[in-house]
Amino acid sequence: MLQVIARVPAKINLMLSVGPVRSDGFHELATVFHAVSLYDEVAAVHADAVTVHVTGPYAGHTPADESNLAVRAARALARRARLRSGAQLRVHKEIPVAAGLAGGSADAAGALLACDRLWGLKLPESRLSAVAAGLGSDVPFALTGGTAVGTGRGERLRPVPVGAPLHWVLATADGGLSTPEVYRRLDDLRSDRKVPAPAVPGELLAALASGDVDALAALLHNDLQEAALALRPALGDTLRAGRELGALAGIVSGSGPTCIFLARDGMSAGALAVGLAASGTCASALAVTGPAAVGT
Ligand SMILES: C[C@@](CO)(OP(=O)(O)O)[C@H](O)COP(=O)(O)OP(=O)(O)OC[C@H]1O[C@@H](n2ccc(N)nc2=O)[C@H](O)[C@@H]1O
Ligand SMILES: Nc1ncnc2c1ncn2[C@@H]1O[C@H](COP(=O)(O)OP(=O)(O)O)[C@@H](O)[C@H]1O
């Protein structure tokens with residue numbers, strides 16, 4: 001029986017600039033998405049209806065019913081293509097849930113890619129991306145991987161070059177943070193401030209293109225960090241521990257609670273991961289590289 005497998009990486013945000021709330025309730029963003037070498041896998045085989053079975057270390061934290069983003073993605077694709085086809089999906093989850101790493105978006109993108117192949121649709125990238133945007137702001141990037149500037153609510157993408165592989169440590173936390181709650185907390189925190197239009201500094205794109213990690217370290221920034229720290233003050237300890245252990249820089253990824261640390265090279269990232277894991281300030285610490293690619 002034909003089985004199609006898609007392997008989709010987690011994302012981190014190297015910079016996340018959050019602008020004013022729009023009339024549709026979403027915030028205008030300017031962000032740099034960067035896919036890293038931590039992957040979920042989505043496998044699809046023909047079936048009458050769309051169902052999902054979740055395996056892997058985070059299976060217990062992932063819904064296995066129709067609220068699963070992989071199921072919602074497969075159904076949205078079938079609707080868009082006016083198909084009655086189904087698929088039995090298996091999602092192997094290595095990406096922590098509600099962690100600011102877009103694991104659910106990775107699974108949605110994986111289901112779109114796998115079902116597009118399984119059902120022989122061969123939809124152009126632009127049509128898959130439109131279905132992806134209907135599922136979540138981060139899903140279009142999850143379809144592409146690599147590194148890209150995201151604008152609008154995060155769904156408008158422009159790929160950007162990265163001059164050399166980058167080495168990161170992901171420090172995960174026990175228990176996730178809700179993305180809408182983190183955005184709401186940011187709104188509360190800055191209710192008395194005028195919010196400027198979001199922007200990605202040109203210097204950051206130049207540092208990425210040239211592979212200048214020291215320049216990049218000085219430019220990592222996340223507007224949601226203040227809100228994530230307000231909701232989870234212990235993340236301050238994780239960020240301090242990473243810096244004391246020699247990270248070039250550390251910030252919260254997206255809506256958190258995962259903290260990301262930039263290291264000079266693979267050896268330093270490995271040592272930093274060991275130190276962070278021993279520090280008692282995080283649930284796990286994982287050395288990864290970026291940019292990572294989507295595989296089918
Ligand atoms: C914060 C970011 C940074 O990349 O990702 P995570 O760190 O959660 O993975 C994204 O903006 C999250 O993207 P995603 O998780 O796909 O969000 P969506 O499902 O589209 O929206 C969930 C909720 O987040 C808020 N939201 C999301 C995107 C945006 N531009 N403005 C918002 O205000 C809204 O409250 C929305 O109802
Ligand atoms: N396949 C899936 N994997 C992870 N989370 C999922 C999935 N399907 C639905 N969800 C729900 O989506 C929410 C956000 O999950 P996730 O994408 O991991 O977080 P984040 O937005 O922080 O990157 C979770 O609360 C989870 O219950």
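**Domain contact, ligand shells and helix packing**

In this predicted model, 28 residues of domain 1 are in contact with 34 residues of domain 2. The two domains into which the chain is divided cover residues 3–159 for domain 1 and residues 166–290 for domain 2, and their centres, taken over C-alpha atoms, are separated by 22 Å. On the side of domain 1 that touches domain 2, the elements giving two or more residues are S1, S2 and strand S5 (147–152). By class, that side of domain 1 comprises 19 nonpolar, eight polar and one charged residues.

The shell around ligand 1 draws on both parts of the chain. Because domain 1 (3–159) and domain 2 (166–290) both give residues to this shell, ligand 1 lies between them. Of the 19 residues around ligand 1, those that come nearest are Gly-136, Ser-137, Asp-138, Arg-153 and Gly-254. Two or more residues of the shell are given by each of strand S1 (3–21), strand S2 (27–47) and helix H5 (179–189). In terms of residue class, the shell around ligand 1 has eleven polar, six nonpolar and two charged residues.

Asp-138, one of the residues that come nearest to ligand 1, also appears in the UniProt record, where an unreviewed entry lists Lys-11 and Asp-138 under "active site". Although these two positions span 128 residues in sequence, no two of their C-alpha atoms are more than 9.0 Å apart, and they therefore gather at one spot. Lys-11 is situated in strand S1, an element that gives two or more residues to the shell around ligand 1.

A separate set of residues surrounds ligand 2. Of the 19 residues around ligand 2, Leu-69, Ala-102, Gly-103, Gly-104 and Asp-107 come nearest. Helix H1 (69–80) and helix H2 each supply at least two residues of this shell, and H2, with four residues, gives the most. The class composition of the shell around ligand 2 is nine nonpolar, nine polar and one charged residues.

The two helices that contribute to the shell around ligand 2 also pack against each other, at an angle of about 40° and with their axes 7 Å apart. H1 passes H2 in a right-handed crossing. On the H1 side, the contact is formed by Leu-69, Ala-70, Arg-72, Ala-73, Ala-74 and Leu-77, which meet Gly-104, Ser-105, Asp-107, Ala-108, Gly-110, Ala-111, Leu-112, Cys-115 and Asp-116 in H2. Nine nonpolar, three polar and three charged residues make up this contact of H1 with H2. Leu-69 of H1, together with Gly-104 and Asp-107 of H2, takes part in the helix contact, and these residues are also among those that come nearest to ligand 2.

Helix H2 (residues 103–118) is further paired with helix H3 (residues 125–135), the axes of the two coming within 10 Å and crossing at roughly 145°. The crossing in which H2 passes H3 is right-handed. Ala-108, Ala-109, Leu-112 and Asp-116 of H2 make the contact with Leu-128, Val-131, Ala-132 and Leu-135 of H3. The residues of this contact divide into seven nonpolar, no polar and one charged. Ala-108, Leu-112 and Asp-116 thus appear on the H2 side of the contact with H3, and these three residues of H2 also meet H1.

An unreviewed UniProt entry places the feature "domain: GHMP kinase N-terminal" at residues 68–146. Over these residues the chain is 57% helix and 9% strand, and the C-alpha atoms at the ends are 24 Å apart.

Several features of the backbone may also be noted. Most residues other than glycine have a negative phi, and most peptide bonds are trans. Arg-82, although not a glycine, has a positive phi of about 50°, and this residue lies in the loop between H1 and strand S4 (86–92). A cis peptide bond with an omega of about 5° joins Gly-256 and Pro-257, Pro-257 being located in the loop between strand S9 (249–252) and strand S10 (259–263). Gly-290 and Pro-291 are likewise joined by a cis peptide bond, with an omega of about 0°, and Pro-291 is found in the segment after strand S11 (284–290).

Notes. Residues are numbered from 1 along each chain as its sequence is written. Chains are lettered from A and ligands numbered from 1 in the order in which they are written. This is a predicted model: local features need pLDDT of at least 70, side-chain atom pairs count only at pLDDT 80 or more; totals for chains, interfaces and linings use all residues. A residue is near a molecule or strand if its C-beta atom, placed from the backbone, lies within 6 Å of it. Ala, Val, Leu, Ile, Met, Phe, Trp, Tyr, Cys and Pro count as nonpolar, Asp, Glu, Lys and Arg as charged, and the others, Gly among them, as polar. Domain bounds come from an automatic or database domain assignment. Axes are lines fitted to C-alpha atoms, for helices over the stretch in contact, and angles run from 0 to 180 degrees between N-to-C directions. A crossing is left-handed if the near helix is turned anticlockwise from the far one by less than a right angle, and right-handed if clockwise. Two residues are in contact if their C-beta atoms, placed from the backbone, lie within 7 Å. UniProt positions are given in the numbering used here, feature names are shortened, and annotations may be inferred rather than shown by experiment.
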